[in-house]
Amino acid sequence: MGIRLYTAVQVRALDREAIVSLGISGHVLMQRAAAAAWRVLRARWPLARRLVVVCGSGNNGGDGYLLAATAREARMDARVIAPVAPRNAGDAVRARLEWLAMGGAILDPEAGFPEADVYVDALFGTGLTRPVEGTARALIDALNASGRPILALDVPSGIDADTGNVQGAAVRAAATVTFVAHKRGLFTGPALNHRGDMTLDTLGLPDELYKNSHPDARLMNMRRMTTWLPLRRRDAHKGDFGHVLAIGGEQGMGGAIRLCGEAALRSGAGLVSIATRAENVIALNAARPELMAHGVKDNAALLPLLQRATVIALGPGLGQGDWSRMLCQAALASGKPLVLDADGLNLIARKSVQLPLHSVLTPHPGEAGRLLGSDAATVARDRFAAARELARQYRAVVVLKGAGTLVAHPEGEIAVCPWGNPGMSSGGMGDLLTGVIASLLAQGLNAWRAARFGVGLHARAADAAATEHGEAGLLASDLFPHLHNLRNARSADD
């Protein structure tokens with residue numbers, strides 16, 4: 001099973017359960033959080049001698065006060081900046097009083113920002129639901145402008161723990177130590193620019209506390225996914241590994257369908273046919289003779305290819321003209337499992353369609369917005385909700401692409417991809433992904449598994465290629481050798 005990811009409400013429920021059912025006081029949990037943060041701080045910055053902790057008015061601020069106290073006891077020059085006192089009598093108030101009782105001072109944020117080797121962000125926890133403004137925003141801006149490393153407690157302040165979005169402004173942490181359980185928003189979207197290296201500390205809570213909890217999502221687990229396809233028998237033949245038909249390649253876009261087809265081959269499909277414009281066939285045969293390229297101008301030419309196919313990959317370079325619509329309608333009518341991308345998605349967004357069973361949609365946020373009748377900005381506001389709604393509406397597995405790609409099941413499950421890099425922001429990457437997922441479907445995986453494994457292979461191949469070549473200028477075709485190697489790995493590291 002993959003690492004469990006929770007919403008902020010779910011994590012607060014775990015906190016309450018620990019306090020009520022296990023008899024662990026909120027103050028003890030706060031002490032454990034401070035101790036966990038101290039361990040991370042000393043391990044990461046062992047030579048640091050000056051520490052400034054910026055504390056908010058909630059329990060996150062309480063963690064900060066106790067961390068400052070721990071640092072002061074260790075003879076570190078520790079200082080606290082707090083724009084406001086804790087809101088209510090409780091654990092945060094007690095932590096503040098402990099800091100004051102040991103001689104710790106609380107500095108006025110208006111008096112300037114003292115120098116430090118490390119700054120600690122303890123302004124906001126998981127409860128932030130509104131844009132950051134006023135003094136808090138000024139403090140976040142000052143932290144980011146300091147040029148010094150920042151350790152964030154639980155969640156970088158300004159990040160929505162559920163969506164990963166920036167609430168007006170957000171701390172850019174070098175590291176985040178998160179408590180009790182992983183928050184789902186820290187694994188997707190803008191949060192990936194702000195969290196830095198992340199460490200989870202469960203604060204000594206027992207495994208039993210989590211057994212009855214139902215996480216909102218899970219991280220993909222590559223070690224597990226590599227076991228989903230069995231080792232090949234010695235007497236295997238190409239017919240055992242499925243036949244992918246990749247449809248696309250309007251005039252001027254033959255490269256897209258070639259990338260899709262080769263990705264299907266490199267991921268292990270036994271046979272891959274291409275249905276494309278006749279003008280592309282010579283170039284496809286020359287570039288990759290293993291692809292069976294066919295010039296298709298009407299349904300009569302497409303029908304025998306559809307009949308032979310196990311799975312259809314529809315969309316790379318397809319276009320949206322009459323030829324494209326004809327191919328799309330025929331593919332939908334075939335009843336064969338589909339992987340839809342690019343213009344395949346744009347075409348079905350124009351009208352209500354019923355997809356064949358075991359189909360996979362692979363939209364980026366703009367395409368997802370069109371499918372939902374909204375826009376990319378609406379999708380970005382809550383990627384989890386958008387992915388779930390798409391999967392529900394289309395009764396298909398949905399791959400919502402982007403930093404921290406989400407894979408959603410029609411019944412509501414979500415898997416989050418922890419791999420990938422900015423080098424993937426180049427043309428052709430989506431065409432590869434379409435081919436990989438189609439290939440895994442053709443080899444016998446169901447849509448839910450094929451989508452998750454395909455996303456994982458694709459992202460891991462991109463990480464390997466970026467390590468070798470660098471991120472800027474990374475080409476989709478640079479992934480092919482790494483995709484081949486990873487598909488054959490039996491036990492990849494998580």
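This tour moves through the predicted model from its sheets to its salt bridges, cysteines, aromatic rings and one helical alanine.

Residues are numbered from 1 along each chain as its sequence is written, and side-chain values use heavy atoms, with hydrogens and water left out. Because the model is predicted, local features need pLDDT of at least 70 and side-chain atom pairs count only at pLDDT 80 or more, whereas totals for chains, interfaces and linings use all residues.

**The two sheets**

Begin with the strands; helices (H or I, at least four residues) and strands (E, at least two) are DSSP runs, numbered from the N terminus. Two strands are taken to pair if DSSP finds at least two bridges between them.

Select the seven strands that form an open sheet with parallel pairing, in the order β4-β3-β2-β5-β6-β7-β9. At its edges are β4 (106-107) and β9 (197-201), each of which pairs on one side only. Within this sheet, display β2 (residues 50-55) and β3 (residues 77-81): the two run parallel and are joined by five bridges. To place the register, pick L51, whose bridge partner in β3 is A78.

Next, select the open sheet of 12 strands, ordered β8-β1-β10-β19-β18-β17-β16-β15-β14-β11-β12-β13, in which the pairing is mixed. Its edge strands are β8 (182-183) and β13 (292-295), and each pairs on one side only. Move to β14 (residues 311-314) and β15 (residues 338-340), which pair in the parallel sense over three bridges. Here L314 has L340 as its bridge partner in β15.

**Salt bridges**

Side chains of opposite charge can pair when their charged atoms come close. A salt bridge is here a side-chain nitrogen of Lys or Arg within 4 Å of a carboxyl oxygen of Asp or Glu, and the count by this rule is 20.

Select R233 together with D235 and D240. R233 forms a salt bridge with D235, with the closest N and O atoms 3.0 Å apart, and another with D240 at 3.4 Å, N to O. For the solvent setting, buried means under 20% relative accessible area, exposed over 50%, and partly exposed in between (1.4 Å probe, protein chains only). R233 is exposed because its relative accessibility is 53%; D235 is exposed as well. D240, with a relative accessible area of 30%, is partly exposed.

Now centre on helix α8 (residues 254-266) and show E262 and R266. Their side chains meet in a salt bridge at 3.6 Å, N to O. The two residues are four apart in the helix, so about one helical turn separates them. E262 is buried at 3% relative accessibility, while R266 is partly exposed at 29%. Extend the selection to R258, R288 and E290, which are linked with E262 and R266 in a network of salt bridges.

**Cysteines**

Which disulfides does a search of the whole structure find? With a disulfide defined as a pair of cysteine sulfur atoms within 2.5 Å, the search finds zero. Select C328, which is in no disulfide: the nearest cysteine sulfur belongs to C260 and is 14 Å away. C328 is buried, with a relative accessible area of 4%. C55 is also worth displaying; its relative accessible area is 0%, so it counts as buried.

**Aromatic rings**

Rings of Phe, Tyr and Trp (its six-membered ring) pair if their centres lie within 6.5 Å; planes under 30 degrees apart count as stacked, over 60 as edge-to-face and the rest as tilted. Two such pairs are found in the whole structure. Select one of them, W228 and F453, an edge-to-face pair with 6.4 Å centre to centre and 80° between the planes. W228 lies in the loop between α7 (222-225) and β11 (243-247) and F453 in helix α17, so the pair ties together parts that are 225 residues apart in sequence. Both W228 and F453 are buried.

Two arginines may be shown next. A charge sits over a ring if NZ of Lys or CZ of Arg is within 6 Å of the ring centre and within 35 degrees of the ring normal. R195 lies over the face of F187, at 5.1 Å from the ring centre, and R72 lies over the face of W99, at 6.0 Å.

**A last stop in α17**

Finally, select A462 in helix α17 (residues 447-469). A462 is buried, at 0% relative accessibility. Leaving aside neighbours within four places in sequence, A462 is in contact (heavy atoms within 4.5 Å) with N421, M424, L474 and L479. Add A476, which is 14 residues from A462 in sequence and 8.3 Å away in space, C-alpha to C-alpha.
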